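The following exercises are to be worked through with the sequence and the model at hand. Each task is followed by a solution in steps.

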Amino acid sequence: MKQLQALNKHTAPKSVMPEKIIQFGEGNFLRAFVDWIIWNMDAKTNFNGSVVVVQPIERGMVDWLNGQDCLYHVNLQGRMNGEPVNTLERIDVISRALNPYSQNAAFMALAEQPEIRFVISNTTEAGIAFDDTCKLTDKPASSYPGKLVQLLYRRFKTFNGDPTKGLIIMPCELIFLNGHHLKECIYQYIELWKEDLGEDYESFKQWFTKYNYVCATLVDRIVPGFPRKEITDIQQKIGYKDDLVVQAEAFHLWVIEKPENMSIEALREEFPAEKAGLHVLIAESEKPYHERKVTLLNGPHTVLSPVAFLSGVDIVRDACNHEVIGQYIHKVQFEELMETLNLPMDELRRFAGDVLERFNNPYVDHQVTSIMLNSFPKFQARDLPGVKTYLERKGTLPSGLVFGLAAIIIYYKGGKRSDGTEITPNDDQKIMNLLKELWETGDTQKVIDGVLSAEFIWGEDLRKVKGLADLVKKYLDLILEKGMLEAVKTIL
């Protein structure tokens, strides 16, 4: 084995560019997604900007990052255009990393840098929250939106409300309409701190409203994180002792909804990701893309898992390549769910093809049982809207999706698979108790009626959906009689 070098700016080249982006969050996702995108923009356009990382909570990774002068490698794996991809790239776009709890003066000084233009964050779903115990004078405020308002106010004061010094704010937290929630929190803090702001209150609020731009965004890239199993091989390959390698799938998508006070063209000009050939869409609305992802990626996942598992197939990739289950997945995705969306069909086909490539990732053994957690709430959120829309548009129920619901109900019966593997459903205890009681009756009609009428699961009585109870019962009885694999063949 060759001797490894330490990874820092003395042993590896590091670009020096103006700091244009404040990034709240230093975790795997941001480093393998946002920072990788910025690195590509710098290489392929005239963006010429670096990122200052701010640790959003008191304990984090900034010391590790600074220990390597914020250099690290991204290992992308997957399939692109049918071909396996396995790349290693050194990312040098982060200039420095700050802990606002121990370096508060340096953190607040970021507001005074004229070149700063963007704020990007991923502080987990719980991060975009209003905490009325925060004070403007805290060093720093405990919540992410609180810290952001502290910075915005310092910037407003430093540049005397200069219209050109507003910020473009792009949260990446996995919340639908994340930007709308963040904007709401910012206004709540401005109100909370009204007395502290004094005579600046009205003018600061107006400056924020008119000259700062908060975008809702949708992010999509699976990031497994640090590659523990392969790290020795990777370090030998790169020749550096990089303890911050981050592994991610090759696919990436970032949909950025334009803010109401800025045009799409202006945002594209300032953030030239599309020009760099990246899969970054700046759009009027994030909503149809959110629906597309939930419907065409999460929707098939939810129903393929019980069908695959009860057919003796444990890995998502193997399910895609199975002669019967592969057809089932294709039917659900292309013939049923795709018909329920409102985007151009060629765009949907392209996205669905990308999804199948992701399911077929040769580097990730994605267990179908990991997707089976909380299957009933998942079906309610991801597949039930498709069942109803399909029925409304076609006048008939989508057989693949309804079959998937029957498969979930049978999976929740528990017991053993034909090869002796334990079937261990996992859901809210109330749901688990209901299914246990229903299956103990031994009567499939009672099982169907009990599941479909459970308003605490569905928010409604699904027996009122025309023909649904009869079709679920038909498939349930068929699976119990013939076994999963033979039963699924009947609907193909």
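**Exercise 1. Determine which residues surround Val54, leaving aside its neighbours within four places in sequence.**

Solution. The structure is a predicted model.
Step 1. Apart from the neighbours within four places in sequence, Val54 is in contact with Ile22, Gln23, Phe24, Gly25, Leu98, Pro100, Phe107 and Leu110.
Step 2. Val54 belongs to strand β3, which covers residues 50-54.
Step 3. Consider one of these contacts, Ile22. Ile22 and Val54 are 32 residues apart along the chain, yet 7.0 Å separates their C-alpha atoms.
Step 4. Is Val54 buried or exposed? Its relative accessibility is 0%, so Val54 counts as buried.

**Exercise 2. Establish how many disulfides the whole structure contains, and examine Cys172 and Cys185.**

Solution.
Step 1. A search of the whole structure yields zero disulfides.
Step 2. Cys172 takes part in no disulfide: the nearest cysteine sulfur belongs to Cys215 and is 10 Å away. The cut-off for a disulfide is a sulfur pair within 2.5 Å.
Step 3. For Cys185, the closest cysteine sulfur is that of Cys134; the distance is 10 Å, which is too far for a bond.
Step 4. Both cysteines can then be classed by accessibility, where buried means under 20% relative accessible area. Cys172 is buried at 0%, and Cys185 counts as buried at 6%.

**Exercise 3. Describe the sheet that contains β4, β5 and β12.**

Solution.
Step 1. The three strands form an open sheet with mixed pairing, in the order β5-β4-β12.
Step 2. The edges are β5 (83-91) and β12 (246-249), each of which pairs on one side only.
Step 3. On average, neighbouring strands of this sheet are turned by 20° against each other, direction ignored.
Step 4. Strand β4 (residues 72-80) pairs with β12 in the parallel sense, over four bridges. Val74 stands opposite Val246 of β12.
Step 5. Across β4, β5 and β12 lies helix α9 (residues 231-238), which runs at about 65° to β5.

**Exercise 4. Characterise the largest pocket and state which element supplies the largest share of its lining.**

Solution.
Step 1. The volume of the largest pocket is about 690 Å³.
Step 2. Its lining consists of 31 residues; those nearest the centre are Leu174, Asp220, Arg221, Ile222 and Lys293.
Step 3. At least two lining residues come from each of α1 (28-32), β10 (217-220), α11 (287-309) and α14 (345-359).
Step 4. The largest share, six residues, is supplied by α11.

Note on methods: Residues are numbered from 1 along each chain as its sequence is written. This is a predicted model: local features need pLDDT of at least 70, side-chain atom pairs count only at pLDDT 80 or more; totals for chains, interfaces and linings use all residues. Side-chain values use heavy atoms; hydrogens and water are left out. Buried means under 20% relative accessible area, exposed over 50%, partly exposed in between (1.4 Å probe, protein chains only). Two strands pair if DSSP finds at least two bridges between them. Axes are lines fitted to C-alpha atoms, for helices over the stretch in contact, and angles run from 0 to 180 degrees between N-to-C directions. Contact means heavy atoms within 4.5 Å. On a 1 Å grid over the protein atoms alone, a cavity is a set of points where a 1.4 Å probe fits but cannot get out, and a pocket is an open set with protein on both sides within 12 Å along at least five of seven lines; lining residues have an atom within 4 Å of a point. Grid points are joined across faces, edges and corners, and a volume is the space filled by probe spheres set on the points.
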